[in-house]
Amino acid sequence: MDSSLSICAVALGLLVSQINHFFFRNYEPSSANLPLIFLAVQPISLLALLGESFSFPRLLWSFFVFLGSLSLSIVAYRLSPFHPLAQYPGPVIGKVTKLWGVWKAFQGYKHVYHKELHDTYGPFVRIGPNELSIIDVVAVGQILGHGGLEKGRYYETGRHSSTPPTLVNLNGEAHAAKRRVWNRAMASVRDYEPLIGKRASQLVSCLRNGGIVDLVHWFDLFTFDVMGDLVFGGTFEMLQDGQDVDGLGKCIQTFMKQSIRPVVRTIQEFNDFARGLVIRRIKNGVVGVRDLWYHLADEAGLEKRKPNLEDSAADAVLAVIAASDTSALALSSVVWFLLSTPEYYRRVQQELDEVFVDGDDPLDTKKHQELHFLSACINEALRLHPPLPSKGGSRQIPPNQHGRTIAGRFIPPGTNVWTPPYSLHRNPEYFSFPDQFLPDRWLPGSKFEKHEASAFIPFSLGPANCVGQKFAKCELFMVLSILFNSFDLRFADGFDSEAWGLTLEDHFIVTRSPLLVNLVPRHRSTQG
Ligand code: HEM
């Protein structure tokens, strides 16, 4: 047949494809761009090298032989007992390719997919050719805790080259150095209490007339305003406007969903937006409390090397992203769980009424320590709806290092490891009735058969855990205390409350649909 290649050409095509497989297995590229060009050029070069004449059918054959044999050999190797992760169970599709997982992530249901896999295959699941998902509590401590594994390469690939690395992208000493600055900034949440309290009061004041409101919307505005205050000393004023005039929330969502085309434009918009805020903040200086920018830009001159403006701005933007959606989701989730279980809502209300007798300020943080049942409800909401359900904690063993034994099992070099909080928190080995909202499990002396508090990691663990954890908890207690103290809440008539939980989609930040609640002002309210 004229269009076929000579036997020699086919043999060479097969050989070269095997060399490619060997090469890419040992030197895995971090970007697909160059390898794709490299792969496309080879079948054409082979034809030229062998002096074969160029025609469309011949080119097609050449690609078919080369790519077909390369694909077959990759699939065979990934499914073979010779693959370093062969001992780990998982779906065939996951062993062969990451594309199925990517599709689930694109849909926003990666967390649910991983849980289903763990339900089927157990605590160690091979979810990608070189990826494991682990929900064993000993392993999670060894992976994320001190002396654990370093951050996976997804932390770096998620960053656009036009933006300097932030705390989240860094590893090792570079991370520790930046983390020191962040720790300094977040050391005393007490300093920030007036700032959070002011916005919590403003939130309640905006809602003072009661009626039907979308709490997702208002919690979003609240957390953005708080972060504007914390990071830049006051900026956004979304509560005052009653809306996100600059579209910051939309911008963050698009950015996180990373739909290829808008992403570059979004990053550009984001950087421009941040630059504007920074310029304004530098012009205004510190107004009142020392804000996060004061620390990030080292205005006190405590660091040996002053950070440059671009670096500090990138971290300031990180703060807004890391803190706003996570806290807003937590607030919405607590309200949703409580209104879905009226007996728990009544207990929270009763506790608040006992702790804050008439005239007491529900923003008094010293009294928040007495809110044991509310605290249990917050934990339970964070357990069932962790704001970072699947991505909080991807780690890796770099290909050029030795493997590690984790919880008695060998993890070979080149493996990416995930510890998805959503699946871990719902592991029946660690929590009785794992899918049910049962806040009593968090109270001292609870009689639940299984309760493994170290399997509860909504803020992650170890040296890269959430630096804003205390701040977030302070926000939660303040807002929930003043909200429940000021209003009686119930779902709006006709609102499909059961469906709300199913609308949560995991796109790194968790997107959610409106939460329609009817607010009736309470007579004993001290605010608004
Ligand atoms: C309920 C609210 C919050 C939750 C559940 C949460 C959860 C998390 C988790 C799981 C991580 C680890 C992520 C990873 O390893 O990929 C993290 C990291 C981080 N969080 Fe939060 N967060 C919350 C609120 C906040 C707030 C209020 C701030 C800032 C004021 C903040 C700032 C950060 C930063 C800067 C990091 C990166 C830490 C590092 O890499 O060293 N978060 N958060």
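Tutor: Two strands count as paired when DSSP finds at least two bridges between them. The model discussed here is predicted.

Student: Which residue stands opposite Q396 in β8?
Tutor: Strand β5 covers residues 395-396, and strand β8 covers residues 416-418. These two strands pair in the antiparallel sense over two bridges, and the cut-off for pairing is at least two bridges. The residue in β8 that stands opposite Q396 is N416.

Student: Which strands stand at the edges of the open sheet of five strands?
Tutor: The order in this sheet is β1-β2-β8-β5-β3, with mixed pairing. A strand at the edge has a single partner strand, so one side of it is left without a neighbour in the sheet. The strands in that position are β1 (124-128) and β3 (150-151).

Student: By what angle are neighbouring strands of the sheet β4-β12-β9 turned against each other on average?
Tutor: This is an open sheet of three strands with antiparallel pairing. Its edge strands, β4 (211-214) and β9 (487-491), each pair on one side only. With direction ignored, the average turn between neighbouring strands of this sheet is 35°.

Student: What is the bridge partner of L489 in β12?
Tutor: Strand β12 covers residues 516-521 and pairs with β9 in the antiparallel sense. Five bridges join β9 and β12. Within β12, the bridge partner of L489 is L519.

Student: Which protein residue is the donor of the iron atom of the ligand?
Tutor: The iron atom has only one protein donor, an SG atom at 2.3 Å. The residue concerned lies in the loop between α20 (421-425) and α21, and is listed among the closest to the ligand. The donor residue is C466.

Student: How far is the polar side-chain atom of H175 from an oxygen atom of the ligand?
Tutor: H175 is one of the closest residues to the ligand, a group that includes K151 and R179. An N or O atom in the side chain of K151 is 3.0 Å from a ligand oxygen atom, and for R179 the distance is 2.8 Å. For the polar side-chain atom of H175, the distance is 2.7 Å.

Student: Which helix gives the most residues to the shell around the ligand?
Tutor: The ligand is surrounded by 31 residues; by class, 20 are nonpolar, eight polar and three charged. At least two residues of the shell come from each of α9 (172-186), α11 (215-232), α16 (309-340) and α21 (469-486). With six residues, the one that gives the most is α16.

Student: How far apart are the end C-alpha atoms of residues 59-79?
Tutor: An unreviewed UniProt entry annotates residues 34-52 and 59-79 as "transmembrane region". In the model, residues 34-52 are 84% helix and 0% strand, with end C-alpha atoms 26 Å apart. Residues 59-79 are 100% helix and 0% strand, and the distance between their end C-alpha atoms is 30 Å.

Technical notes: Residues are numbered from 1 along each chain as its sequence is written. This is a predicted model: local features need pLDDT of at least 70, side-chain atom pairs count only at pLDDT 80 or more; totals for chains, interfaces and linings use all residues. Side-chain values use heavy atoms; hydrogens and water are left out. A residue is near a molecule or strand if one of its heavy atoms lies within 4 Å of it. A polar contact is a pair of N or O atoms within 3.5 Å; within protein, one must be able to donate a hydrogen and the other to accept it, and residues adjacent in sequence count only if both atoms are side-chain atoms. Helices (H or I, at least four residues) and strands (E, at least two) are DSSP runs, numbered from the N terminus. Ala, Val, Leu, Ile, Met, Phe, Trp, Tyr, Cys and Pro count as nonpolar, Asp, Glu, Lys and Arg as charged, and the others, Gly among them, as polar. UniProt positions are given in the numbering used here, feature names are shortened, and annotations may be inferred rather than shown by experiment. Donors are N, O and S atoms within 2.8 Å of the metal (3.2 Å for Na, K and Ca); water is not among the atoms, so sites may look incomplete. Axes are lines fitted to C-alpha atoms, for helices over the stretch in contact, and angles run from 0 to 180 degrees between N-to-C directions.
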